[in-house]
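Please open the model in your viewer and keep the selection panel at hand. The tour below goes from stop to stop, saying at each one what to select and what is found there.

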Amino acid sequence: MAGEPQDDCLFCKIVEGHVPATIVRETETTVAFRDINPQAPTHILIIPRVHYENAAALASGAPEVAADLLREAQAVADDEKLESYRVVFNTGAGAGQTVFHAHAHVLGGRGLQWPPG
Ligand code: AMP
Ligand code: ZN
């Protein structure tokens, strides 16, 4: 069912504490941890505790949690003392999505090119 934990989902396992992660912030609805393969000096993933396959599905199924992700992006940026940062939601394999549990990438700490690749 939408929002239920999935046995084969890496990020559900991180939420449940079954896979280790460097967690930097937690709320009732979200978990934020450092990306294992950072693409910038600060590269943090923010995930909802509930399982939806991408950001749009989360926004449809649990819109208040989608808003929590965006609020947490600012909180992470504040904690990391980032004046500027980028929030990325890769959606679909062609855009580089490899984990099909919604997540926001928060990237900062270096100059960021626009447009992104
Ligand atoms: P995406 O490619 O947008 O689906 O993002 C998935 C991200 O998860 C990638 O940036 C990976 O480096 C990251 N990742 C994969 N496994 C782990 C892990 N065990 N802990 C932290 N980050 C991970
Ligand atoms: Zn999941």
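How much space lies in the largest pocket? The answer is about 360 Å³, and, since everything on this tour belongs to a predicted model, please read that value and those that follow as computed ones.

**The largest pocket**

Begin by selecting Leu10, Phe11, Asp35, Ile36 and Leu45, which are the residues nearest the centre of the largest pocket among the 19 that line it. Then colour helix 1 and strand 2, the elements that give two or more residues to this lining, and note that helix 1 provides the largest share, with three residues. If you colour the lining of the largest pocket by class, you will find ten nonpolar, seven polar and two charged residues.

**Ligand 1**

Now show ligand 1, for the space that ligand 1 takes is the largest pocket itself. Helix 1, which spans 10-16, and strand 2, which spans 30-34, are the elements that give two or more residues to the shell around ligand 1. In that shell the residues divide into six nonpolar, seven polar and two charged.

Which of the 15 residues around ligand 1 come nearest? Select Asp35, Asn90, Gly96, Thr98 and His105, which are those residues, and then look at three of them in turn, with the distance tool switched on.

- At Asp35, a polar side-chain atom lies 2.5 Å from an oxygen atom of ligand 1.
- At Asn90, it is again a polar side-chain atom that lies by an oxygen atom of ligand 1, here at 2.9 Å.
- At Thr98, the atom to pick is a backbone N or O atom, which lies 2.7 Å from an oxygen atom of ligand 1.

Before leaving the ligand, turn on a surface: on its own, ligand 1 has 500 Å² of accessible area, and the protein covers 84% of this.

**The second largest pocket**

Move next to the second largest pocket, whose volume is about 290 Å³. Select Arg86, Val88, Leu107, Pro116 and Gly117, which are the closest to its centre of the 13 residues that line this pocket. Strand 4, at 86-88, and strand 5, at 104-108, each supply at least two residues of the lining of the second largest pocket. By class, the residues of this lining divide into five nonpolar, six polar and two charged.

**Two places along the backbone**

For the last stops, hide the surfaces and show the backbone atoms. Go to the segment after strand 5, where Pro115 lies, and select Trp114 together with Pro115, between which the peptide bond is cis, with omega near 0°.

Where is the place of Lys81? Follow the chain to the loop between helix 3, which spans 63-79, and strand 4, and you will find Lys81 there. Although Lys81 is not a glycine, this residue has a positive phi of about 60°, and with that backbone angle the tour ends.

Technical notes: Residues are numbered from 1 along each chain as its sequence is written. Chains are lettered from A and ligands numbered from 1 in the order in which they are written. This is a predicted model: local features need pLDDT of at least 70, side-chain atom pairs count only at pLDDT 80 or more; totals for chains, interfaces and linings use all residues. Side-chain values use heavy atoms; hydrogens and water are left out. A residue is near a molecule or strand if one of its heavy atoms lies within 4 Å of it. A polar contact is a pair of N or O atoms within 3.5 Å; within protein, one must be able to donate a hydrogen and the other to accept it, and residues adjacent in sequence count only if both atoms are side-chain atoms. Accessible areas come from the Shrake-Rupley method with a 1.4 Å probe; for residues, only the protein chains shown count as cover. On a 1 Å grid over the protein atoms alone, a cavity is a set of points where a 1.4 Å probe fits but cannot get out, and a pocket is an open set with protein on both sides within 12 Å along at least five of seven lines; lining residues have an atom within 4 Å of a point. A molecule sits in a cavity or pocket if more than half of its atoms lie within 2 Å of its grid points. Helices (H or I, at least four residues) and strands (E, at least two) are DSSP runs, numbered from the N terminus. Ala, Val, Leu, Ile, Met, Phe, Trp, Tyr, Cys and Pro count as nonpolar, Asp, Glu, Lys and Arg as charged, and the others, Gly among them, as polar. Grid points are joined across faces, edges and corners, and a volume is the space filled by probe spheres set on the points.
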